[in-house]
Amino acid sequence: GMTPQGLVKVMNHYLSTMSGPIRSHRGIIDKYIGDAIMAYWGPPFTEHGEQASLACLAAIEMADRGAALRTELPELLGVRAVPSDCDVRIGIATGEVLVGSIGSEFMMSYTVMGDAVNLASRLEGANKIYGSHSLASAPAIAAAGDVIEVREIDRLVVVGQTKPESVFEIMGRKGELTEKQVALRERYAEGLAAYRERRWDDALRAFHTALEAVPGDGPSIAMAARVENFRVNPPAADWDGSWQLDQK
């Protein structure tokens, strides 16, 4: 719905806005892929023990800036409202990767490759399913330590992998959650435990209570809908409580 000139304005502003937190938290911007940004943290630019925490703190700031973009873009374009909502989705994963100059005889780039890179990409996409903004793998959350507040969202088997991964949402910086966010996390955890034990009524009750704390919470809405479906079409007897993604 934008003119070519408007699209260039929006993309340049968006990428500049979102790249700032990455650079200020000592991340390396690998490349821009359309409206996506691929970045990494690792030696020799950051120490091993701080990589995940810096990535997660950058994600929190990026999500905050995404909210501000919703009010900035209409002014940038000189219109009352933009054609579509501006939403930010972030995926973070920690693990061993191949790092080096990779390419062809025509062009080389210093980049990262490996399962952790693929998982981060899949988690970015998984935000669409849960209505969330920042999803991170269990190793990333463990490595980040106590600098952030998180909640477990689900166990996922992403495209290209066979083992379920515990996935967490980054909710904010340590100690900065509101009372309603704390209540949301507690009720959601109760719902997730009941869901994995096939206690559908208890799970649905907990997810609805979570939504009373924070109306519109994407993961609670998504899980409540899934529970409603499982009440009618229960999972197989050998179901392990994980969810298999069929899209990237």
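Which helix gives the largest share of the lining of the second largest pocket? Hold that thought, everyone.

First, this is a predicted model, where local features need pLDDT of at least 70, side-chain atom pairs count only at pLDDT 80 or more, and totals for chains, interfaces and linings use all residues. Residues are numbered from 1 along each chain as its sequence is written, and side-chain values use heavy atoms, leaving out hydrogens and water.

Let's start with the sheet. Five strands make an open, mixed sheet, ordered β3-β6-β8-β7-β9. Strands here are DSSP runs of E, at least two residues, and helices are runs of H or I, at least four, numbered from the N terminus; two strands pair if DSSP finds at least two bridges between them. At the edges sit β3 (90-92) and β9 (243-244), each pairing on one side only. β3 runs parallel to β6 (residues 134-137), with three bridges, and Ile92 stands opposite Ala136 in β6.

Now the pockets. A pocket is an open set of points on a 1 Å grid over the protein atoms alone, where a 1.4 Å probe fits, with protein on both sides within 12 Å along at least five of seven lines; lining residues have an atom within 4 Å of a point. The second largest has 26 lining residues, and His133, Glu169, Ile170, Met171 and Gln181 are the closest to its centre. And our opening question? The answer is α2, with seven residues. α2 also gives the most to the lining of the largest pocket, again seven residues. That largest pocket has 49 lining residues, with Ile37, Met38, Ala39, Gly91 and Ala120 closest to its centre.

Thanks for listening!
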